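Please take a moment to look over the sequence and the three-dimensional model shown below. The paragraphs after it are meant for a reader who has not met this structure before.

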Amino acid sequence: MIPKETIDKIYSAAKIEEVVSDYVTLHKRGANLIGLCPFHNEKTGSFTVSPSKGIYKCFGCGASGHSVGFIMEIEQCSYVEALKQLGKKYHIEVEERQLSADEQQRQDDRESMFVVNDYCNQWFQQQLWETEEGKAIGLSYFRERGLRDDIIRKFQLGYSPEKGNPLALSLKKKGFDEKYITNNVDTKIGCGVCGKSEDGRLYDRFRDRVMFPIFTVSGKPVAFAGRILKKKENVGKYVNSPDSIIYSKTNELYGIFQAKQTIARKDLCYLVEGQMDAISMHQSGIENVVASGGTALTKPQIRLIKRFTSNITVLYDGDAAGIHAALRGIDMFLEEGFNVKVVLLPDGEDPDSYAQSHDASEFIRYIESNQTDFIRFKSALLSKDAGDDPHKRAELIKDITSSIAIIPDQITRQVYVKDTADRLHMDEQLLTREVIRLRREKVAEAEKRRNSETENSTPAETVSPAFPGTRNTPVSSGKKEEPVSRLEKNYYNLMQMIVQFGEQPVEIEETILSIGDVIILTLENDEIKPPKAVYQHIIDEFKRHSKDEGFRAETFYKFHPDPEISSMAVEMIASPYRWVEAHDENRLGELVIQLLFEIKLTVIETQIEELNTGLKEAQQTGDWERMKTLLSYQPELLQRRNEISKQLGNRIITL
């Protein structure tokens, strides 16, 4: 176990706003900070960070948590891994706790792979700077490409030797497990820095290449791209690390770790294609630049950029290939709500060569003079191709309106419609109607997908107590749903009272008890089972720890090591009881009793409804014995309902 003192130190040191701002651009809004949620696709920021409460909450997707929980979610790591990462950030030593077998294996796999990548990254750099072959071939290549030594070191570039399998030998000598050196395509375990021949021998995957390490947003070496220096038949220019449990090429952008702070500060990102393009621009003084790595853009990559800015300028070569590359994937930027600009460099130039021959001010001046928004770029380009051909012009208009239709902001769409109508000499109303039609089609398609998913899903069983002689079947619709939803709502409110005020004393019938004890004793005496397992966990943890010295429910649950409990607690803290203006013990006691009576009433009403359903079924099937049994329960249930309704009526508080 990690000592509680160590965990407390980390939670105290890890300010939520500092932790989140490493991944998300935050803006001040009152007492809180707000940004775009990194966990789901959104156009307008609903991701809120509360420094005073030490939590984050997305009001779009519902994600919530504290600093450790945020690292667990964003890095897809375990509780211990998150504590270690924050401990390292704040210079706090973290001791291991005993993990389950599955947790331990998952952690071991991930950590081992990062250790392998880190070792290989250092080894490739050592080959570049400290071996004769590396200096003569690799370092000479980078210097011939115009890179300064400080930039080579900044991007941690390296070299993999031509002959033999020295990396594989070095890794084996250091005792690294073979499964982390190679890669299993089924389990995605292993970094794939080495391959394995049919006779079982290991070989270096990146032999005879200069090496470009790829880093996560937080700066971990997650993969490599190796560029060959000598032309060989049937050998690709680049070899990349295979997908694994720590790396997916569709999720990463080259240079994001080095560029993220400048992107956020300038509120602008330049996107280029190759690694050398990004590196050369950094060297020229333009540091807010990332590279797609020569692959087609993906939504995860675009959303990665959107953590830091919604302004993107795409730089491509001025040749035909560069022009067509500029068209690919740009619609995805528009759909994500980006302000997209496109810059085509002069023929024969790419960002790398242009950065080598121009300083930052000259490069930026060229960009500002030649950039154009994507819709204008696309209409000008396609108009040139279409010429006077009516069919091609019609296709051109459809192509452009389809791009306009996916822009989420209505005002921006209308501005583009007007501009396109003027440029193409079209009727503005006609284009507007076409854009509206396309957007309606998109909404209809999304609705159809949602309905299809709903039809294919399996309904959950009701959480109401099963009544003797009735079936505990799923509630479908209509009136049957209300008691269940009321039960869940009121049970949630009770758990929220435990989380926020559990340790506070209240007087109930001249007896002083904590709010948590009142709730738990009542629920257990009435045998009211929680509708969710996490509620039972909250109850069990209160019973175990409420008598601990210094126990404070809100802090205890917010920082609980079980992510399900802490996530639920943060959600409850982020949405506090609006009707409790002050922690008045008499008022809280009244609220608790009212909620308990409402739950009792809901349970009774659910049982009565189940009984009535059973009576109808028995009557339809002629099962008179079952009907007689069910009728024997009816008077008692109705009497209990009336008693609880009367008690509740005498205690009602306006919520």
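What follows is a guided walk through selected features, from a pocket to sheets, helices and single residues.

The model is a predicted one, and every value discussed here is computed from it. A useful place to begin is with empty space. Rolling a probe the size of a water molecule over the atoms shows where such space is left. In this model, the largest pocket has a volume of about 950 Å³. Its lining consists of 32 residues, and those that lie nearest the centre are Tyr23, Gln85, Ser218, Gly219 and Lys220. Sorted by class, the lining of the largest pocket comprises 14 nonpolar, eight polar and ten charged residues. Several helices contribute to this lining: helix 2 (16-21), helix 4 (79-89), helix 5 (101-130) and helix 10 (256-266) each provide at least two residues.

Helix 4 and helix 5 also frame a loop, and His91 has its place in that loop. The phi of His91 is near 60°, which is a positive value in a residue other than glycine. Is His91 buried or exposed? Its relative accessibility is 74%, so His91 counts as exposed, the cut-off being over 50%.

A second loop residue makes a contrast. Asp208 is found in the loop between strand 8 (202-204) and strand 9 (209-215). Its phi, near 65°, is likewise positive in a residue other than glycine. The relative accessibility of Asp208, however, is 1%, and because the cut-off for buried is under 20%, Asp208 counts as buried.

The sheets may be considered next. One open sheet is formed by five strands in the order 1-2-3-4-5, with antiparallel pairing. Its edge strands are strand 1 (27-29) and strand 5 (64-65), each of which pairs on one side only. Within this sheet, strand 3 (residues 47-50) and strand 4 (residues 55-58) run antiparallel and are joined by four bridges. Across this pairing, Thr48 stands opposite Lys57 in strand 4. A helix from much later in the numbering also meets this region: helix 25 (residues 563-574) lies across strand 4 and strand 5, and runs at about 80° to strand 4.

Another open sheet has five strands in the order 13-12-14-15-16, and here the pairing is mixed. Strand 13 (289-291) and strand 16 (372-373) are the edge strands, each pairing on one side only. Strand 12 (residues 269-272) and strand 14 (residues 311-316) run parallel, and three bridges join them. Leu271 has Val314 as its bridge partner in strand 14.

Two further helices complete the walk. Ala386 belongs to helix 17 (residues 374-386). At 6% relative accessibility, Ala386 counts as buried, because the value falls under 20%. Which residues does Ala386 contact, leaving aside its neighbours within four places in sequence? They are Lys392, Arg393 and Leu396. Between the C-alpha atoms of Ala386 and Leu396, ten residues apart along the chain, the separation is 7.2 Å.

In helix 22 (residues 515-525), the buried residues are Ile515, Gly516, Val518, Ile519, Ile520, Thr522 and Leu523. An α-helix has 3.6 residues a turn, so residues three or four places apart point the same way. Just after helix 22, Glu527 adopts a positive phi of about 55°.

How values were computed:
Residues are numbered from 1 along each chain as its sequence is written. This is a predicted model: local features need pLDDT of at least 70, side-chain atom pairs count only at pLDDT 80 or more; totals for chains, interfaces and linings use all residues. Side-chain values use heavy atoms; hydrogens and water are left out. On a 1 Å grid over the protein atoms alone, a cavity is a set of points where a 1.4 Å probe fits but cannot get out, and a pocket is an open set with protein on both sides within 12 Å along at least five of seven lines; lining residues have an atom within 4 Å of a point. Grid points are joined across faces, edges and corners, and a volume is the space filled by probe spheres set on the points. Ala, Val, Leu, Ile, Met, Phe, Trp, Tyr, Cys and Pro count as nonpolar, Asp, Glu, Lys and Arg as charged, and the others, Gly among them, as polar. Two strands pair if DSSP finds at least two bridges between them. Contact means heavy atoms within 4.5 Å. Axes are lines fitted to C-alpha atoms, for helices over the stretch in contact, and angles run from 0 to 180 degrees between N-to-C directions. Buried means under 20% relative accessible area, exposed over 50%, partly exposed in between (1.4 Å probe, protein chains only).
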